[in-house]
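Me: I have a sequence and a model of it in front of me. Please explain how the labels on it were reached.

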Amino acid sequence: MSWQNLFPFTARTNDAQHLEIGGCDVTELAAKFGTPLYVYDETTLRAQATRALVTFRAHWENVTLLYATKAYFAPFLARLYRELGLGLDVTSEGEIVIARRAGFDPNTIYVHGNNKSPDEIRAALAMGVTHFVVDNLDELPLLSSLASRHSPFAICALFIRLSPNIDAHTHRYMTTGVADSKFGLGIRNGMAERAAHEIAKYEKLQLVGLHFHIGSQVFDADALGDALNAVLDVAAEWRAKFNFELRELNIGGGWGVAYNDAQTTLDMETFAENTTRALRDGLRARGLDEKLKLLAEPGRALIARAGVALYRVGSVKEIPGVRTYVALDGGMGDNVRPALYGAQYQAYLANRFAEPAAREYALAGRYCEQGDVLIERAPLPETRVGDLVAIPVAGAYQLPLASNYNLIPRPAVVVVQNGRARLVRRRETLEDMLACDVDV
Ligand code: LLP
């Protein structure tokens with residue numbers, strides 16, 4: 001696999017031998033907006049979302065794709081995804097507010113969370129959102145009483161998040177479908193069935209579907225197929241036991257994405273085809289209604305590749321006989337994924353993009369942690385102070401997980417298209433970071 005598969009679709013080397021994205025020379029973007037800088041390519045954002053929608057709709061009649069906003073959400077993205085016809089999987093009041101301001105129909109917003117607070121539920125209901133994915137038994141009386149008080153005419157449409165006891169074979173922190181997970185309600189231990197019975201007791205609550213999400217960065221097609229079948233078994237069992245009718249099925253997200261040459265990206269077409277075939281066969285085999293509404297919640301698969309992180313090299317330190325550290329002006333404050341999951345990225349010199357790699361460097365961040373190394377072994381051309389490093393596949397879970405560690409401002413974000421760069425988030429200032437300190 002070459003660099004083309006990691007960068008946005010519009011990436012190319014321009015005449016100056018610089019990396020260009022969306023018709024913009026990234027060295028000019030870095031000069032204008034500063035570094036670290038996150039660059040999102042609008043063409044790739046649109047293409048990825050449209051492709052996912054078209055692909056799934058070609059295989060299943062009634063499909064809604066919910067963008068998992070945790071991967072990265074901002075007003076510009078909310079407007080774009082609404083225009084493209086996606087729904088949303090959200091986890092907080094803040095995400096709903098952004099969505100509603102961008103004009104999302106509340107019926108296309110699905111609220112997740114393993115500890116939804118009364119305030120958040122109240123706010124969601126007030127904004128007209130009634131789809132909730134149930135993650136525990138405690139939220140049922142809460143949902144019912146808040147809905148009675150705040151949405152007298154609305155019924156909450158619930159999904160039970162099932163924990164099918166299946167290992168997705170991904171990083172431990174991204175494995176969510178095993179017995180020992182904080183997410184979901186177990187199939188085998190009877191917790192999910194108990195939730196179904198509890199829901200039936202409340203007038204304001206209605207069980208409309210089932211949900212599962214066994215993890216993120218999943219490449220194991222067998223695990224996904226097993227989870228699907230385990231969930232269909234539940235639907236068949238509940239129909240026999242208490243006339244449950246599976247009208248909507250949410251198959252979660254977690255579709256694996258390549259971060260470097262050694263990895264592959266889950267092929268959307270194959271995935272959609274296999275999943276819908278398994279679903280059709282599974283429903284038929286169990287005598288279940290084949291007309292159900294299919295929902296999926298991809299996050300990273302839609303956005304990761306659209307983003308590129310740019311860093312300026314501030315120091316090149318050769319430790320004789322050990323290795324050479326290239327120090328970047330960002331690091332774990334804007335990308336905690338290498339430290340948190342051991343994520344393995346690949347780097348390029350944006351200002352000498354066509355030059356072949358000469359040696360390996362360790363790309364160190366600027367934060368005061370020995371573990372703040374973005375890439376342990378990055379093959380690069382001879383690297384000097386002032387060079388501009390580009391790390392692709394930076395679009396998902398980097399900015400949302402960013403912090404102000406060491407009181408360092410979080411990066412600016414630009415969106416590029418057709419040679420134009422639009423600043424969508426300015427760089428934080430010291431005053432921004434101090435805004436919540438009341439004892440000044
Ligand atoms: N649906 C549910 C219920 C989820 O919990 C998640 C991710 C998704 C969908 C979207 O997963 P995706 O398609 O983006 O993989 N912060 C981590 C991964 C944790 C994801 C949490 N939930 C990362 O940086 O890789």
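The questions below take up some labels on this predicted model and set values against cut-offs.

Me: Why is H131 called buried?
Reply: Buried means under 20% relative accessible area. H131 has 9%, so it is buried. This residue is found in strand β8 (residues 131–134).

Me: What does H131 touch, not counting residues up to four places away in sequence?
Reply: H131 touches N107, I109, Y110, V111, A157 and F159 on that count.

Me: What makes the approach of N107 to H131 a polar contact?
Reply: The cut-off for a pair of N or O atoms is 3.5 Å. The backbone oxygen of N107 lies 3.3 Å from a polar atom of the H131 side chain, and 3.3 Å is within 3.5 Å, so the distance condition is met.

Me: Why do K70 and D89 count as a salt bridge?
Reply: A Lys or Arg side-chain nitrogen must lie within 4 Å of a carboxyl oxygen of Asp or Glu. For K70 and D89 the closest N and O atoms are 3.4 Å apart, so the pair qualifies. K70 is in the loop between β5 (63–68) and α3 (75–84), while D89 is in strand β6 (residues 87–90), 19 residues apart.

Me: Are the two partners buried or exposed?
Reply: K70, at 33% relative accessibility, is partly exposed. D89, at 2%, falls under the 20% limit and is therefore buried.

Me: Why is R377 called exposed, and what is E360 called?
Reply: Exposed means over 50%. R377 has a relative accessible area of 60%, so it is exposed. E360, at 41%, lies between 20% and 50% and therefore counts as partly exposed. These two residues form a salt bridge, with the closest N and O atoms 2.5 Å apart. R377 lies in strand β18 (residues 373–380) and E360 in strand β17 (residues 359–364), so the pair ties together parts that are 17 residues apart in sequence.

Me: How do you know that the buried residues of α9 lie on the same side?
Reply: The buried residues in α9 are M268, F271, A272, T275, T276, L279, G282 and L283. They cover an arc of only 130 degrees around the axis, which puts them on the same side of α9. An α-helix has 3.6 residues a turn, so residues three or four places apart point the same way.

Me: What covers the buried residues of α9?
Reply: The cover includes α2 (42–59), α8 (221–242), β12 (248–250) and β13 (293–296).

Technical notes
Residues numbered from 1 in each chain as written. Predicted model: local features only at pLDDT ≥ 70, side-chain atom pairs only at ≥ 80, totals over all residues. Heavy atoms only, no water. Buried < 20%, exposed > 50% of the residue type's maximum accessible area, 1.4 Å probe, protein only. Helix = DSSP H or I, 4+ residues; strand = E, 2+ residues; numbered from the N terminus. Arc of directions from axis to C-beta. Contact = heavy atoms within 4.5 Å. Polar contact = N/O pair within 3.5 Å; in protein donor to acceptor, adjacent residues only side chain to side chain.
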